[in-house]
Amino acid sequence: MTVETGGATTVAPQDSELIQLMTPEGERTENPNYPLGDVDLKGLYRDMVLVRRFDTEAIALQRQGELGLWASLLGQEAAQIGSGRALSPKDMAFPSYREHGVAWCRGLDPVRLLELFRGVSGGAWDPEEHKFHLYTIVIGDQTLHATGYAMGIQRDTAEDEAVIVYFGDGATSQGDVSEAFSWASVFNAPVVFFCQNNQYAISAPQERQSRVPLYQRSRGFGFPGVRVDGNDVLACYAVTKKALQAAREGQGPTLIEAFTYRMGAHTTTDDPTRYRLASELETWRLRDPIERVRAYLARSGEADSAFFDEVEAEAKELGARVRAACRELPDPPPSAIFEHVYTGANAILDAERADYEAYLDGFEEAAR
Amino acid sequence: MTRLTLSKALNEGLRRALEADPKVMIMGEDVGRLGGVFRVTDGLQKDFGEHRVMDTPLAESGIIGTAIGLALRGYRPVCEIQFDGFVFPATDQIVSQLAKMHYRSRGQVTLPVVIRIPFGGGIGAVEHHSESPEVFFAHTAGLRVVACSDSAEAYSMIQLAIAADDPVIFFEPKRRYWDKAEVDTAASLEDALPLDKARTVVAGDDVTVLSYGPVVRTCVEAAVAAGEDGRSVEVIDLRSLSPLDMETIIASVSRTGRCVVVHEAPVYAGLGAEIAARVTERCFYQLEAPVLRVGGFATPYPPARLEDHYLPDLDRILDAVDRTFAI
């Protein structure tokens, strides 16, 4: 038996199956199934530039030892901002661990995202306040949480709410994702499965996960799947908006495969030169999600140089704020180890805490 | 007082919980129309509807994963895992997600999910239907782990577990489902023994026997037999396996000076090991003999025709009691 170990086929799929509303060259195209309506393209551009800047700062902070790790979203800005801006305020989002752009759209201060990677908390923002759940690191687990949450919406008969859950191409191999597809389908749950196919699960190309295009996975489960150009912010916005609306209207789940590319490393510990060719990255650079919007805005005259300068200045300001705020994130006190394991008292844990605090106090007394 | 089987007592407790809080819901395989393979949820779907008593697809990780999502939405799901050996597909969701969410959110997210698991052997079942996986969960911070031993306990403990804001793994002694006992269904839950407290079932002075779940009854029988030989055995039903009620344990062992821990789960790295270590730390000078353990062997659960050898029975418990006097 031979084992296929060929590299990833990362050419764009056939045009007929890929929803695209703006070409990599920055030309607008129409798709009658996905009318755009009013969309603030300059706002989407600004979002993408700012989250890319935040991401760049976070990588630098890791290099400087301020973060233990960082998972970069470089190249996935359109998928995240497009889908994130398609959410209504009441919709609930369940991220994986790379959805910094979606977090931005949900109004979460990006500094909060650094807590997890700096190691000062589990990323303890209030999920309901932002309608943005905590990051989930075990691959695919959150698809079931999202499905359950959507089943709760059904029980609450909250017809103006839907759920979106983010996961990657690798996650489609996880049993939990298949279970989530089954459950969402049989219960007709108002959930949108947003798969960012960034072509690699660390080093494993998408071909190692599936013989069929990922968006076709939903067919066997009995709900629609659609493949969108994940580097096209307009298409991601329109496709997500439509899927969320279908969910709210009782039409059940949709799988969206955002066909994109992880332009950086899996995380700051990864070295992608070991498993992919530089030429592949160059191909995808030509499809950069931000550049195409910039080209369109400039060419169409919808934005002038003052706008671009303004966004650039705002990005610099954000970068400076993030750098300073990250360094100021304090280490929690030792007692924080013992907090919030349970909602109330726990005799075994409370005794351990008392013992450890007495042990630490012993050093202080000795030092006196 | 009403005489109920343990299964029916759980059923009544669940019914009370469903009545008390509209956010309580039951979910699992075959829990609706069928009423559960042990009939614990019999009739509940008929009375509370499919949204509150839900037959799920056959996927344990899916049951717990979606229960987490429902809890995030404000529901209080009570999940049934059909048999002990089928909980493992859900282990990731239980250990990585359910147990940790309150901690990692620094208290902002609570997941009041109860996972009911029929456990233990003695019913002549095929493999994967007779296991005692409690220690996997007792070892996981963030979970509370309890086991009921009779009808009255089942009735109050299931309601207390559902009312608790922490995730609770609720073990039910499957070979005792059809045992009948008096249950005071008129009693207020506020008067019930708290979920994290052990209960002295038989008072005695010479040796403390600690147990939980299905073997509590066996220990009581052993205490009666030992009494005929002039030995006064104190039997304590631990009820809570995490956290352990060490104060009750220490108070008893300090008095008797002897301690035997009995469970169906393998002795090796079992709950008895944890108890023995803690009793030794706290009662070293009161102990007349080493803490002894009686339980399953370091083997997989054996084929049913061998299970009588594997399960702690009256004679093995009495043998251990005797040995604490022989040393």
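**Chain contacts, domains and a covered strand in a predicted model**

User: How many residues of chain B are in contact with chain A in this predicted model?
Analyst: The model is predicted. Contact is counted where C-beta atoms placed from the backbone lie within 7 Å. On that basis 33 residues of chain A are in contact with chain B, and the number on the chain B side is 36.

User: Which element gives the most residues to the side of chain B that touches chain A?
Analyst: The elements of chain B that give two or more residues to this side are α3 (60-72), α4 (91-98) and α5 (101-104). By class, the residues of this side divide into 13 nonpolar, 16 polar and 7 charged. The element that gives the most, with 9 residues, is α3(B).

User: What distance separates the centres of domain 1 and domain 2 of chain B?
Analyst: Chain B is divided into domain 1, residues 2-191, and domain 2, residues 199-326. Taken over C-alpha atoms, the separation of the two centres is 26 Å.

User: Which element supplies the largest share of the side of domain 1 of chain B that touches domain 2 of chain B?
Analyst: The contact takes 25 residues from domain 1 of chain B and 20 residues from domain 2 of chain B. On the domain 1 side, the elements of chain B giving two or more residues are α6 (134-138), β6 (144-147), α7 (151-163) and β7 (168-173). The residues of that side divide into 11 nonpolar, 7 polar and 7 charged. The largest share, 4 residues, comes from β6(B).

User: Are the residues on the two faces of β7(A) buried or exposed?
Analyst: In a regular strand, side chains alternate between the two faces of the sheet. In β7(A), A:G225, A:R227 and A:D229 lie on one side, with A:V226 and A:V228 on the other. Of the 5 residues of this strand (225-229), 5 are buried. Both faces are covered, and the residues on them are all buried.

User: Which residue of β8(A) stands opposite A:D229?
Analyst: β7(A) pairs in the parallel sense with β1(A), residues 18-19, over 2 bridges, and there A:I19 stands opposite A:V228. With β8(A), residues 254-259, β7(A) pairs in the parallel sense over 5 bridges. In that strand, the residue opposite A:D229 is A:F259.

User: Which helix joins β7(A) and β8(A) in making a β-α-β unit?
Analyst: β7(A) and β8(A) are parallel partners. The β-α-β unit that they make with a helix is right-handed, and that helix, residues 233-248 of chain A, is α9(A).

Methods: Residues are numbered from 1 along each chain as its sequence is written. Chains are lettered from A and ligands numbered from 1 in the order in which they are written. This is a predicted model: local features need pLDDT of at least 70, side-chain atom pairs count only at pLDDT 80 or more; totals for chains, interfaces and linings use all residues. Two residues are in contact if their C-beta atoms, placed from the backbone, lie within 7 Å. Ala, Val, Leu, Ile, Met, Phe, Trp, Tyr, Cys and Pro count as nonpolar, Asp, Glu, Lys and Arg as charged, and the others, Gly among them, as polar. Domain bounds come from an automatic or database domain assignment. A residue is buried if 20 or more other C-beta atoms lie within 10 Å of its own, exposed if 12 or fewer, and partly exposed in between; C-beta atoms are placed from the backbone. Two strands pair if DSSP finds at least two bridges between them. A crossover is right-handed if, with the strands pointing away from the viewer, the path from the first strand over the helix to the second runs clockwise.
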